Amino acid sequence: NAVPKVVFSRTLRVADWNNTRLVHTDAADEVARLKREPGKDLFVFGSASLADALIRKRLFDEYRICLAPIVLGSGVPLFKPGNDHLRLKLIDSRGLATGGVILRYAPFEVGGVDALNP
């Protein structure tokens with residue numbers, strides 16, 4: 001509860017959670033601004049559409065993806081059609097007791113330039 005939270009929503013009018021700030025403006029612009037501020041890391045939880053907006057603006061420094069051993073057959077994809085190529089470099093993997101795997105990736109860059117989108 002002590003961790004500061006930013007909630008991006010087009011419909012929510014109030015966020016009653018402890019240490020929460022509600023943002024209705026452009027999420028990618030706000031995240032870019034937050035990244036320029038000193039402080040702790042930023043995490044995105046539970047929103048494929050928010051993640052897509054941030055992916056398109058290349059705002060992720062790291063991707064932590066949990067691969068769960070369950071096939072649902074449908075759902076909302078994390079990486080949406082229409083995104084530019086995004087090459088990722090595996091930086092860590094860790095198995096969980098549940099059978100899941102946490103995969104940590106960083107965008108792959110060569111000489112400070114994205115290898116697939118110079």
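Here is a chat between a colleague and a modeller about this predicted model.

Colleague: Let's start with the overall layout: how many helices and strands does the chain have?
Modeller: Read along the sequence, the elements follow the pattern β-β-α-α-β-β-β-β-β. The C-alpha atoms fill a box of roughly 40 × 40 × 30 Å along the principal axes. In total, the chain has 2 helices and 7 strands.

Colleague: And what percentage of the residues count as buried?
Modeller: To count as buried, a residue needs a relative accessible area under 20%. The chain has 118 residues, and the share of them that passes is 21%.

Colleague: Let's zoom in on α1. Which of its residues are buried, and within what arc do they fall?
Modeller: The buried ones in α1 are Ala 27, Ala 28, Glu 30, Val 31 and Leu 34. They line one face of the helix, because, seen down the axis of α1, they fall within an arc of 160 degrees.

Colleague: Which residues are exposed on the other side of α1, and what do the buried ones pack against?
Modeller: On that other side, Asp 29 and Arg 36 are exposed. As for the buried residues of α1, they pack against β1, β2 (20–23) and α2.

Colleague: Glu 30 caught my eye. Which residue does Glu 30 meet in a salt bridge?
Modeller: Look within helix α1, which covers residues 27–36. The partner sits 3 residues from Glu 30, about one turn of the helix. The N to O distance is 2.7 Å, and the partner of Glu 30 is Arg 33.

Colleague: Are Glu 30 and Arg 33 buried or partly exposed?
Modeller: The cut-off for buried is under 20% relative accessible area, and partly exposed runs from there up to 50%. Glu 30 has 10% relative accessibility, so Glu 30 counts as buried. Arg 33 has 32%, so Arg 33 is partly exposed.

Colleague: Over in α2, how far apart are the closest N and O atoms of Asp 52 and Arg 56?
Modeller: Both residues lie in helix α2 (residues 48–56), and they are separated by about one helical turn because they are 4 residues apart. Asp 52 counts as buried at 12% relative accessibility, while Arg 56 is partly exposed at 45%. The two form a salt bridge, with the closest N and O atoms at 2.9 Å.

Colleague: What about Glu 62: which residue does its side chain meet in a salt bridge, and is that partner buried or exposed?
Modeller: Glu 62 itself is partly exposed, at 26% relative accessibility. Its side chain meets Arg 64, with 2.7 Å from N to O. At 53% relative accessibility, Arg 64 counts as exposed.

Colleague: Which residues do salt bridges with shared partners join into one network?
Modeller: A search of the whole structure finds 8 salt bridges. Some of them share partners, and one network made that way joins Arg 21, Glu 30, Arg 33 and Glu 37.

Colleague: Now for empty space. How much of it lies in the largest pocket, and which residues are closest to its centre?
Modeller: The largest pocket holds about 2200 Å³ of space. It is lined by 50 residues, and the closest to its centre are Phe 43, Val 44, Phe 45, Leu 50 and Phe 60.

Colleague: Which element gives the largest share of that pocket's lining?
Modeller: The elements that give two or more residues are β1 (5–8), α1, α2 and β3 (63–67). By class, the lining has 33 nonpolar, 7 polar and 10 charged residues. The largest share from one element is 7 residues, and it comes from α2.

Colleague: Leu 67 is in strand β3. How far is its C-alpha atom from that of Gly 100?
Modeller: Setting aside neighbours within four places in sequence, Leu 67 is in contact with Gly 100 and Val 101. Leu 67 and Gly 100 are 33 residues apart along the chain, yet the separation of their C-alpha atoms is 5.4 Å.

Colleague: Last one: what is phi of Asn 19, and of Arg 58?
Modeller: Most residues other than glycine have a negative phi. Asn 19, in the loop between β1 and β2, has a positive value near 55 degrees. Arg 58 lies in the loop between α2 and β3, and its phi is also positive, near 55 degrees.

Terms used:
Residues are numbered from 1 along each chain as its sequence is written. This is a predicted model: local features need pLDDT of at least 70, side-chain atom pairs count only at pLDDT 80 or more; totals for chains, interfaces and linings use all residues. Side-chain values use heavy atoms; hydrogens and water are left out. A salt bridge is a side-chain nitrogen of Lys or Arg within 4 Å of a carboxyl oxygen of Asp or Glu. Buried means under 20% relative accessible area, exposed over 50%, partly exposed in between (1.4 Å probe, protein chains only). On a 1 Å grid over the protein atoms alone, a cavity is a set of points where a 1.4 Å probe fits but cannot get out, and a pocket is an open set with protein on both sides within 12 Å along at least five of seven lines; lining residues have an atom within 4 Å of a point. Grid points are joined across faces, edges and corners, and a volume is the space filled by probe spheres set on the points. Ala, Val, Leu, Ile, Met, Phe, Trp, Tyr, Cys and Pro count as nonpolar, Asp, Glu, Lys and Arg as charged, and the others, Gly among them, as polar. The arc is that of the directions from the helix axis to the C-beta atoms. Contact means heavy atoms within 4.5 Å.
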